[in-house]
Amino acid sequence: MAETRTGPRVGLFVTCLVDLYRPTVGFSAVKLLEDAGCTVAVPAGQTCCGQPAFNSGDRADAAALARQTIAAFEGFDHVVVPSGSCAGMIRVHYPELLADDPAWAHRARHLSARTHELVSFLVDVLGVTGVAARYPDAVTYHDSCSGLRELGIKAQPRALLASVDGLELRELPGAEVCCGFGGTFCVKYPEISNRMVEDKAADIAATGAGTVLAGDMGCLLNIAGKLSRQGSPVKVRHVAEVLSGLAGDVPAIGETGR
Amino acid sequence: MHSTAHSFPENSRRALENERLQYMLRKSGTGFQDKRRRAAERLPEFEDLRDQGKAIKNHVLENLDVYLEMFEAKVTEQGGHVHWCRTAAEARDTITEICRNAGAKTVTKGKSMIAEEIAINDHLESNGFIPIETDLGEYIIQLRKEPPSHIIAPAFHVSKEEVADAFRAAHTELPKDRPLDEPRELITEARLMLRRRFQEADVGITGANLLIAETGSTVIVTNEGNGDLTQTLPKVHVVLASIEKIVPNLEDAATVLRLLARSATGQEFSAYTTFSTGPHRPGDVDGPAEFHVVLLDNGRSALLGTEFQEVLRCIRCGACMNHCPVYGAVGGHAYGWVYPGPIGAVLDPALIGIKEAGHLPNASTFCGRCEAVCPMRIPLPKMMRHWREKEFEQKLQPPAMRRGLGVWAWFARRPALYHAAAKMAIRTLGRFGRGKGRFASLPLADGWTRFRDMPAPEGRTFQDLWAEKQRGGR
Amino acid sequence: MSDQSKGEARNQILSGIRTALKRGPATDAQRGAAAERVRTHPRNLVPARAQLDHEEQVALFVRMALEVSCTVERIPDLAAVPQAVAEYLAGLNLPAELRVAPDPELSAIPWAERPTLTVTAGRARDADAVSLTGAFAAVAETGTLMLVSGAERPTTLNFLPDTHIVVLRRDQIVGGYEDAWDRLRAVQASFEGGMPRTVNLITGPSRTGDIEQTIQLGAHGPRRLHVLLVGE
């Protein structure tokens, strides 16, 4: 292990779902970033990016959380997020949310410019072309909506997965179709959400893959919950777990524990 | 049109259980999406044209009064009449007055969403006129006495067997044992029955995809030819259009038209794109003697200068609903009013009120496909979010949800408290879930656990573990 | 509505627009700019596909027209029209009867050379199964015909009969819609008010997908659109 790291200073925005549900994803992100030469810190002043408030029309709380996040992450070269939707919230929506606040508008824009989703950061900013992980399984990949459409994440996870030893990537039919999570949507309109996730589960089954991956915990919890209810043996993991090699340390999402 | 939008949850549940509807939705599958994508890929300039379409419409909206006055002057110059109507009621009265003055009996209609909006058919009938829809899809739903379920394919939800049933019930003068199994047979029969109506009509009402200020023309974009027979054969042609349909000149029309058919059906151009200007000219041997344009506001001008202004760029192509996974699951009727899908989620609350249509902007995951394919680059999810903001301000959301989100935000704004509470809660939840890895049911989470398991958390928060790691050194 | 309330409605809508846009009546500069945009009608982006040389335009028009289920036959001159029509109708087992637009541009067609063809001129009647018209222009970009109405060009010929034959000269083919508009403007003076009553842009025969999304030709308009492309 190197004594001192002089690479880029990265602040990790963990996201509430990773923090609460699956810390292994956070540790995977740290490992991937450190392996690529970054110094990683995790400011304690972070909680939630504010998406739930924002998407429910509560602009005041959303703006308050935006200011809190901006303040917590000032001083880092980059802010990296293991979630397309949270990264999208910061990159795309913070500037819009605080556009009329003279004290915060430029700070929001400054944070936005420095913030990246994890896999996109590795590939597009750091130029990482491969990882030294092993995951011998047929794997299929779901493109989470925000990451895809707000941040252009499509080729990057596939490029890194191609370098994982033993991993066979099978394209998911309808990879770009929403899984039906949508934050509170899945509990406000459960029947429609269920139809959407059933379609996603059927597409996953059709690939014959043993594992499905994505970059967003919301999608993953939704998909894992459905596959589990169906008694499906398909494993559900965050792409960061597989890329970091830490997948072996923790059961798949929803799998029987130790 | 009478709204059932407030019943969207119930409507959508029934839609999901409706086997016939589900069969039709699945049959359509990704057809429209594939066609649109192929058409867009075939035209290298497509993305630039979308930008130009957006710019044209933005320019028009900033100068809407100017272009409408120019249009009116041109229409009048060529012997037509322009009628300005603030409300649906004024538009209905204007149209019946025109029909009455013409001594009309039969009124043929081309497809028009505005006509649905003002519910003109019922009004014509109660005033003693006979309105006949001539677009095949509209004719089918007129016979079935139901509203359209899609803005360009109104009978999207109807199977061919159901069409045959409707024809047998309505066309009683035809031989009962005639075959009506194949689409070809159905279309031949519709053509035959409607041909007579076209010839009988005293007044023809069409909508307008575009109004052109330069020439005082109205434009319809169709494939069947019914819109053209509707406006050419009767002695009176009435165009019903909302005020934001206007573009400055023929070149601007060409730009929009390059986007429209490709986005709607994946066609390069529709079979019939028709520019109508005024009544017939001296010497013409066909064409209407009278030309009326009924300009309808009905809430459009109120959207100008608001965060919803951009929805007025819509050219009614239907691409948004063709790509929406929610529309794809429940179909158009579930939305309960004239405009379904993502455009409906933004426009319906504007036209019939957020209290009535509030579910529509909420029934979205913000997946963003609608915005990705909208030819006029309308930021539909953003405007749905603006409706949710209005509901929040007016306290229209379910109290439990509002409280839950409020509690979440309260904690999230207090990081130290948040982390301490999360640490405790997750250790507890983790202990309960450790054995099975998932929860089959959770109190307060029935919306989730009715259909899905809830995976168990790892059992410690990241912040908890990270702090521990920092304290312990490496 | 009374005339007075009609005027009120108009004023209210216009002032509603201005209030919403947070301004008064449009300034002279604004009106001037709008009038200029209308008067000079500058072209927006025209796809490369619409900017080929004439030979390529003709070839593109034919390709695109065939794609939308037109049929196209090339003939050397108007003298060849009667035979081409007679053979076309015979090939489809259709009666040798034709309703023709009384268009001066078609007057050079020597119908008398084909006496077995019954040819009458005028607007379309219900019983007319086959019509023949000229065209004003054709747009190569999408295989689109432009037909304009007039005393000698009844619109009903384009829609009522089951089969529509269009006599199109090579030199009528242009690249894009903008070129077609320019041609129309060039003869604007010949239309009262500056536009004909109807301009039809026709791209293939009538069709519908309203029955279970399967495309069927011949919904209300013609099922067949046959183009006789005239010229070497």
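Which residue in E3(A) does Gly11(A) stand opposite? The partner is Val79(A). This is a predicted model, and that pair is a good place to enter it.

Strand E1 (residues 9-12) and strand E3 (residues 78-81) of chain A run parallel, and 3 bridges join them. Both strands belong to an open sheet of 4 strands. Its order is E2-E1-E3-E4 (chain A), and the pairing is parallel. Which strands form the edges? They are strand E2 (39-41) and strand E4 (115-117) of chain A, each of which pairs on one side only. On average, neighbouring strands are turned by 35 degrees against each other, direction ignored.

Now add the helices. H5(A) packs on the sheet and touches E3 and E4 of chain A. The direction of H5(A) makes about 160 degrees with that of E4(A). H7(A) also packs on the sheet, touching E3 and E4 of chain A. For H7(A), the angle with the direction of E4(A) is about 105 degrees.

Next, step back to the whole chain. Chain A is assigned two domains: domain 1 (9-125) and domain 2 (138-249). Their centres, taken over C-alpha atoms, are 22 Å apart. The contact between them takes 31 residues from domain 1 of chain A and 25 residues from domain 2 of chain A.

What supplies the domain 1 side? Helix H1 (16-21), helix H2 (23-35), helix H3 (51-55), helix H5 (84-97) and helix H7 (118-125) of chain A each give at least two residues. H2(A) provides the largest share, 7 residues. By class, this side of domain 1 of chain A has 15 nonpolar, 11 polar and 5 charged residues.

How values were computed. Residues are numbered from 1 along each chain as its sequence is written. Chains are lettered from A and ligands numbered from 1 in the order in which they are written. This is a predicted model: local features need pLDDT of at least 70, side-chain atom pairs count only at pLDDT 80 or more; totals for chains, interfaces and linings use all residues. Domain bounds come from an automatic or database domain assignment. Two residues are in contact if their C-beta atoms, placed from the backbone, lie within 7 Å. Ala, Val, Leu, Ile, Met, Phe, Trp, Tyr, Cys and Pro count as nonpolar, Asp, Glu, Lys and Arg as charged, and the others, Gly among them, as polar. Two strands pair if DSSP finds at least two bridges between them. Axes are lines fitted to C-alpha atoms, for helices over the stretch in contact, and angles run from 0 to 180 degrees between N-to-C directions.
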